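Here is a short briefing on helix packing and an internal cavity, meant to be read with the model open beside you. Have a look at the structure, and then we can go through it together.

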Amino acid sequence: MRSMSLIGLLGAEAISLTGSRMSLIALPWLVLVTSGSPTLTGAAAAIEMVPYVAAGALGAPIVDRLGARRVSIAADALSAVVVGALPFAYRTGFGALAVLVALAGALRGVGDISKRVLLPAAVERSGMAMMRATSVYDGISRGSALAGGLAAGVLVAWLGAPAVILIDAASFVVCAVLVGALVRTGAAADREHPKYLGALREGVRHAWRDPLVVSIVAMMFAINLFDTAALSVYIPVWARDVAGSPVAIGICSAAFALGAAAGNLVVIAFTERLPRYLTFSVGFLLACGPRFLTLGLSSSIALVACVMFAAGIGVSAANPVIATVMYERVPERLQARVFGVATAVAFAGMPLGSLLGGVAVQASGLRIALLATAGLCFAATLFPLIAHRTWRQLDG
């Protein structure tokens with residue numbers, strides 16, 4: 001079947017993301033309960049994200065040279081080994097844990113870029129429209145986050161964080177097998193052998209010359225900064241100090257992912273009717289600021305979960321627009337390089353968010369940090385409505 005490549009890629013992504021989301025919750029919780037330090041908790045997430053960001057950009061020419069499929073399989077196989085060692089490394093101290101976390105981040109960065117490059121060929125072979133395919137892809141990611149977030153909250157409380165991290169390691173093995181067995185690329189995918197530095201420069205030039213791409217990357221930098229501060233610091237500390245249980249982390253993550261999954265169903269059904277600019281602008285307004293405001297003002301898990309659900313709907317509306325526009329505006333031969341550079345800049349907000357989130361909570365307390373972040377988030381998400389000339393290019 002021509003659709004088997006897309007099915008294999010989506011299946012691998014679902015399993016890998018489920019495991020990664022579980023680990024993303026389990027690792028900060030492990031550091032928080034063993035060290036008692038919000039700053040170290042934020043640092044652990046940042047240590048993973050810095051090499052993740054760098055590897056996504058610096059590894060893109062290698063993806064072009066070796067082929068996205070080969071790199072994806074190798075990165076997942078090595079990730080299984082490295083992540084599997086984390087539950088044993090933390091007993092020897094934070095330093096050993098930090099080294100493995102950094103290596104895991106680098107491998108995941110290269111693997112994720114490879115899978116993004118594999119998607120257009122898989123979509124073309126299946127005959128599905130790109131906007132619908134990116135909505136399905138995003139929906140599977142959100143559904144995986146729902147499953148992983150809910151499972152992590154329960155399993156961390158039941159089995160402990162180290163066992164949950166081992167489950168993530170096993171998910172990488174399954175992902176590598178699925179890509180190896182089912183995903184196929186055309187011969188052209190592995191033909192180009194650009195010089196390394198020249199390939200990097202070409203990717204940077206192409207991204208910089210497109211004002212819409214630059215604006216998208218800047219927006220994603222801000223959103224990723226806020227999101228990572230919430231996921232790696234704010235929500236774990238809120239769960240410990242306000243809700244009193246790690247289960248609250250899973251509930252928050254699951255509510256957000258459930259809203260995103262529900263929103264994706266709507267986007268998939270009405271793909272051709274949704275105006276991209278309006279969908280993107282309203283989606284991010286709903287997705288960002290209200291979460292932090294509610295966490296800062298309420299101790300109700302039910303209320304926070306409802307707001308997280310609404311935020312998930314907003315994200316599910318905006319993300320497929322970004323993915324589709326990027327695939328449309330970047331030539332296929334440059335996608336690994338441009339996506340690598342764009343992802344590196346956009347995801348640079350993640351380690352910064354983890355560090356700033358930890359420092360903010362340590363310095364001013366959780367509530368003030370959350371309310372300040374809510375204000376900054378609202379300001380950032382108003383930008384597409386202010387600079388509307390550039391952003392209206394989303395509609396084509």
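Please keep in mind that this is a predicted model. Helix H5 (residues 94-126) is a good place to start: the axes of H4 and H5 come within 8 Å, those of H1 and H5 come within 10 Å, and H5 also gives the largest share of the lining of the second largest cavity. A further helix pair, H12 with H16, rounds off the tour.

**The second largest cavity**

- The structure holds 2 cavities of 30 Å³ or more, and the second largest has about 30 Å³ of space.
- Its lining consists of Ser16, Asp76, Leu107, Arg108, Gly111, Asp112, Lys115 and Phe172.
- Helix H5 supplies 5 residues of this lining.
- By class, the lining has 4 charged residues, along with 2 polar and 2 nonpolar ones.

**H1 against H5**

- Helix H1 (residues 4-35) and H5 have axes that cross at roughly 160°, which makes H1 roughly antiparallel to H5.
- The crossing of H1 past H5 is left-handed.
- On the H1 side, the residues that meet H5 are Ser5, Leu6, Leu9, Glu13, Ser20, Leu27 and Val31.
- On the H5 side, they meet Phe94, Leu97, Val101, Arg108, Lys115, Leu118, Leu119, Ala122, Val123, Arg125 and Ser126.
- This contact has 11 nonpolar, 3 polar and 4 charged residues.
- Two names may look familiar: Arg108 and Lys115 of H5 take part in the contact with H1, and Arg108 and Lys115 also line the second largest cavity.

**H4 against H5**

- The axes of helix H4 (residues 68-89) and H5 cross at roughly 155°, so H4 is roughly antiparallel to H5.
- H4 and H5 cross in a left-handed sense.
- Sorted by class, the residues in the contact of H4 with H5 are 19 nonpolar, 4 polar and 4 charged.

**H12 against H16**

- Helix H12 (residues 289-297) and helix H16 (residues 366-381) have axes that come within 8 Å and cross at roughly 160°, so the two helices are roughly antiparallel to each other.
- H12 passes H16 with a left-handed crossing.
- H12 brings Gly289, Pro290, Phe292, Leu293, Leu295, Gly296 and Leu297 to the contact.
- H16 answers with Arg367, Leu370, Leu371, Thr373, Ala374, Cys377 and Phe378.
- The contact of H12 with H16 contains 10 nonpolar residues, 3 polar ones and 1 charged one.

Terms used:
Residues are numbered from 1 along each chain as its sequence is written. This is a predicted model: local features need pLDDT of at least 70, side-chain atom pairs count only at pLDDT 80 or more; totals for chains, interfaces and linings use all residues. Side-chain values use heavy atoms; hydrogens and water are left out. On a 1 Å grid over the protein atoms alone, a cavity is a set of points where a 1.4 Å probe fits but cannot get out, and a pocket is an open set with protein on both sides within 12 Å along at least five of seven lines; lining residues have an atom within 4 Å of a point. Grid points are joined across faces, edges and corners, and a volume is the space filled by probe spheres set on the points. Helices (H or I, at least four residues) and strands (E, at least two) are DSSP runs, numbered from the N terminus. Ala, Val, Leu, Ile, Met, Phe, Trp, Tyr, Cys and Pro count as nonpolar, Asp, Glu, Lys and Arg as charged, and the others, Gly among them, as polar. Axes are lines fitted to C-alpha atoms, for helices over the stretch in contact, and angles run from 0 to 180 degrees between N-to-C directions. Angles under 35 degrees count as roughly parallel, over 145 as roughly antiparallel, 65 to 115 as roughly perpendicular and the rest as oblique. A crossing is left-handed if the near helix is turned anticlockwise from the far one by less than a right angle, and right-handed if clockwise. Contact means heavy atoms within 4.5 Å.
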